[in-house]
2 protein chains.
Amino acid sequence: MNKNKNDAISKITTREENFSEWYLDVIREADLAENSPVRGSMIIKPYGYALWENIQKILDREFKKRGTQNAYFPLLIPKSFLEKEAEHVEGFAKECAVVTHHRLEEKDGKLVPAGELDEPLVIRPTSETIIYDAFSKWIHSYRDLPLIVNQWCNVIRWEMRPRLFLRTTEFLWQEGHTAHATRKEADEKTLEMLEIYRQFVEEYLAISLIKGKKTESEKFPGAEYTSTIEAMMQDGKALQSGTSHMLAQNFAKSFDVSFLDENQEKQYVWQTSWGLSTRIIGALIMSHSDDKGLVLPPRIAPIQVVVIPIWSNDDEKKSVFEEVQKIKTELEAFGITYKVDEREGRPGSKYFEWERKGVPLRIEIGPRDIQKQSVVVVERILGKKEFVSNKELSSYIEESLERIQKTLLENSRRFRLENTREVSDYEEFKKIMDEKQGFIFAHLCLDKKCEEKIKEETNASTRCIPFEDGLDNAGKCIYCKKDAPNKVLFAKAY
Amino acid sequence: MNKNKNDAISKITTREENFSEWYLDVIREADLAENSPVRGSMIIKPYGYALWENIQKILDREFKKRGTQNAYFPLLIPKSFLEKEAEHVEGFAKECAVVTHHRLEEKDGKLVPAGELDEPLVIRPTSETIIYDAFSKWIHSYRDLPLIVNQWCNVIRWEMRPRLFLRTTEFLWQEGHTAHATRKEADEKTLEMLEIYRQFVEEYLAISLIKGKKTESEKFPGAEYTSTIEAMMQDGKALQSGTSHMLAQNFAKSFDVSFLDENQEKQYVWQTSWGLSTRIIGALIMSHSDDKGLVLPPRIAPIQVVVIPIWSNDDEKKSVFEEVQKIKTELEAFGITYKVDEREGRPGSKYFEWERKGVPLRIEIGPRDIQKQSVVVVERILGKKEFVSNKELSSYIEESLERIQKTLLENSRRFRLENTREVSDYEEFKKIMDEKQGFIFAHLCLDKKCEEKIKEETNASTRCIPFEDGLDNAGKCIYCKKDAPNKVLFAKAY
């Protein structure tokens, strides 16, 4: 057992024992994030932030390929702006941070808020209102369309039951906002961006997904409809991983975002908005990690390979580090990100630390390996150990990283399918949600009351009306037995 | 004259006529930014934001080369945190946005702030306090040092007289924060990061600078000293372009950021912080632009070359676009960023538009150019027109971009030197500040009152005590004639 002093005080709870404690333990031990003194706000530590930087890099490239331009809009939004779209303000008023003063002043030896504002400002919970106010000035003619703008920023939604990454008062995200001349274009854009998210989450984060449309009660406040990607965590719960909204002309009419068409007639634009946040890091953690700590898919890992040199005296150290230099050169040539753990200390403790941090591959190299012209390569997910000759090292590493990436996605897919059931009997539905959790496909009528009742009685909410073939057949509602147009995905959710 | 309908309503005021109107006109015509409905907060439009993205990319690479790790800390800071460092709170209390409530509630048909917080939260004006509170938990032993962390984020400092880029209530920046075991290391880090800024601003933004130390009254609230880079704008005023602060142990003691040294004794860390903000875009605009609009140095320009195809019928269009395709392939191979203006419309209007947007080079290509196997290349800064044969195009473009970059820095340097004077007589000082503006080097004693008086009487503030050789000689204070240890740089400032 590779244990050092630190390990004794930093045990990771097993998933079996307590899934939510396990989640927090993994975050702490992998050094991803921590709670801040401001309740609900987290500190994203360097290793966790490196994940977000990788996410940004990949998505930003995909957005720009599709004509998206980045911009930046104000953090503070006038209260009156929120109020312009009725559903929107209804959805966000209950959870927004309100700025009421613009300085602190000493009074009776204490600093108190001073300089009261005429109109309170709200810290953006999302930026539809402030951005579309700008769009209304930017767009004049059909020639100005489509307009495709994105911003990377922080937002605040006051959170009563905060949880690192999953529910934080402040979080980081990107929000894309578009305006189009026709409903058709906006419909297409909504689904195009959802597909970008799906590709990204499946191909880079190795999380298998279900794509679909939210029900009326779960859609974004102000949207005509919301499309979503839903993932299954290892405890069988669902996590909404990205959403793309068809706003139709709802905001266009509230903010007068209009244009003159080719016949010089005034038309309102058709709009979409779409976002993905640091919440996805919570999904990443809960999809792949195990009782030993974090597991990261190679394509998103800040460090793909950690190199651990092993030596017991200065001569050994010298020759081992010479060999390490060669390995570094080779990894660099292959574009593989790596870290050499050059610190003093027992190799065992280092193995343990990088295992907890989810680095996909570990290279161990000591004096005996040099003689044999080989190294030891250990895989994070299976703990599999291989002796690999120096000549084959880079190709071995490349292939292993690809294989691990693929395996993680397959595992995620298999787990989801194994824990997904089609159910038509409500008693069975309740039993499953009570005992096994997971996803359930069941018919649901269009009456909101059935949805509400099911949620009340089972804690499972509708996740989406899946786009998948074969699920759009009509049937009888699992709750009221009346006609139901299609099957809906149910799950307990984060 | 290439004028279209739009141009008539979008005249750029000349610098001679009114420098500050010129500045705003250039921003508007180049489509960089605009005021938002929230007083003091600006909207950074896509073309302006592309500049900021380039700035981020270059600086972030330089930071990471030197062991900096990015992270993210909360936007909201407890009031009590600000209060822990006396100078710090004194410096920022007067201009901070205060969050007092966490929801909006309907009352008499109006939405009003509700859910009052026990302790008001302040939107970060800078993050020393919240970051060092975290450092105090992260740092235990000398092995945890140095700690070098940076964040890219938004900050708010309430601004009574806002001005796009230069003074905005919300601005974007990076703030680096470090902790070291010794004073010497922290001193070195302070100057290392200032030098990174200097290199970046001179080599990429082509703005010539003076490096130096702020006087006591101009330093960062809470710092032992502040080092700065100061640039001269075309109106002779100074603009502080980046600062790096030696915090010594001031915050370490307030936030108990300490470590056990190699002898197991408790020591406070030595700290630095350093920042560069979107304000630098204001400096960029005012350094190079002219009465025709924006001028951008090639190394920071989002578009280095704009290609304008010229055609008058479909056949011409076809053959011109075939040729344009070849040019694109070549520019891409050379890593030159370009845009092809494929829109319908008169070439003259396009020239005019890209000129206003400061694109360094323009390629014009029409049917006659194809016959001659050449194109026309026009330089933004001098308007110089050259016929360049297709064979030589990419090397010509590369050389031109380099030459333009160099010329802009030389111009900036020459202009600064031409408008810098060493003065020992106060009457002359006043006259210069009144008539000609520019930089003045003059002796100043250590009494804050002289500095204050000079500011009151001339509007010129001390910019820095320059690091340059030859200026550190002792002399007599220009105001009170008492002993002065060195010369100080004075200027009116943005």
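Which residues of helix 15 of chain A are buried? I opened my notebook with that one, keeping in mind that this is a predicted model.

**Entry 1: helix 15 of chain A**

I looked up helix 15 of chain A, which spans residues 448-458, and found C450(A), E451(A) and I454(A) as its buried residues. They cover an arc of only 100 degrees around the axis, so they sit on the same side of helix 15 of chain A. Next I turned to the face that points away from this buried side, and there I noted the exposed residues K448(A), K449(A) and E456(A).

What do the buried residues of helix 15 of chain A pack against? I found two partners in chain A: strand 21 (439-444) and strand 22 (461-466).

**Entry 2: just past the helix**

I stepped on to N459(A), which comes just after helix 15 of chain A. This residue lies in the loop between helix 15 and strand 22 of chain A. Its phi is near 70 degrees, a positive value in a residue other than glycine. I wrote a reminder to myself that most residues other than glycine have a negative phi.

Is N459(A) buried, exposed or partly exposed? I counted it as partly exposed, because 13 other C-beta atoms lie within 10 Å, while a residue needs 20 or more to be buried and 12 or fewer to be exposed.

I then made a similar check in chain B. D31(B) has a phi near 65 degrees, again positive and again in a residue other than glycine. I located D31(B) in the loop between helix 2 (19-29) and strand 1 (33-35) of chain B. D31(B) is partly exposed, because it has 16 other C-beta atoms within 10 Å.

**Entry 3: cis peptide bonds**

Where is a cis peptide bond found in chain A? I found it from L145(A) to P146(A), with omega near -10 degrees. P146(A) belongs to the loop between helix 6 (128-138) and strand 7 (147-156) of chain A.

In chain B, I saw that a cis peptide bond joins L145(B) and P146(B), and omega is about -5 degrees there. P146(B) sits in the loop between helix 6 (128-138) and strand 7 (147-156) of chain B.

**Entry 4: where the chains touch**

How many residues of chain A are in contact with chain B? I read off 44 residues of chain A in contact with 44 residues of chain B. Strand 5 of chain A, residues 98-107, gives the most to the chain A side, with 7 residues. By class, I listed 27 nonpolar, 8 polar and 9 charged residues on the side of chain A that touches chain B.

I followed strand 5 of chain A across to its partner. It is joined by 3 bridges to strand 5 of chain B (residues 98-107), and the two run antiparallel. To find my place here, I used V98(A), which stands opposite H101(B).

**Entry 5: a sheet made by both chains**

I traced the open sheet that holds these strands and wrote down its order, 4(A)-6(A)-5(A)-5(B)-6(B)-4(B). It has 6 strands, and the pairing is antiparallel.

Which strands stand at the edges? I found strand 4 (76-78) of chain A and strand 4 (76-78) of chain B there, each with a single partner strand, so one side of each has no neighbour in the sheet. From one strand to the next, the twist averages 40 degrees.

At the chain B end, I noted 3 bridges between strand 4 and strand 6 (residues 110-123), which run antiparallel. I77(B) stands opposite V122(B) in strand 6 of chain B.

**Entry 6: the sheet of 11 strands in chain B**

I also looked up an open sheet of 11 strands in chain B, with mixed pairing and the order 3-7-8-14-11-10-9-22-25-21-20. Its edge strands are strand 3 (69-70) and strand 20 (420-422) of chain B, each paired on one side only. Strand 3 of chain B pairs with strand 7 of chain B in the parallel sense, over 2 bridges. There, N70(B) stands opposite N150(B).

Helix 9 of chain B (residues 279-288) packs on this sheet, and I saw it touching strand 8 (170-180), strand 10 (225-232), strand 11 (238-248) and strand 14 (270-277) of chain B. The direction of helix 9 makes about 145 degrees with that of strand 11 of chain B.

**Entry 7: domains of chain A**

Last, I marked the division of chain A into domain 1 (19-288), domain 2 (305-401) and domain 3 (420-491). Taken over C-alpha atoms, the centres of domain 1 and domain 2 of chain A are separated by 41 Å.

Notes
Residues numbered from 1 in each chain as written. Chains lettered and ligands numbered in written order. Predicted model: local features only at pLDDT ≥ 70, side-chain atom pairs only at ≥ 80, totals over all residues. Helix = DSSP H or I, 4+ residues; strand = E, 2+ residues; numbered from the N terminus. Arc of directions from axis to C-beta. Contact = placed C-beta atoms within 7 Å. Nonpolar A, V, L, I, M, F, W, Y, C, P; charged D, E, K, R; others polar. Pairing = 2+ DSSP bridges. Domains from an automatic or database assignment. Axes fitted to C-alpha atoms, helices over the stretch in contact; angles between N-to-C directions.
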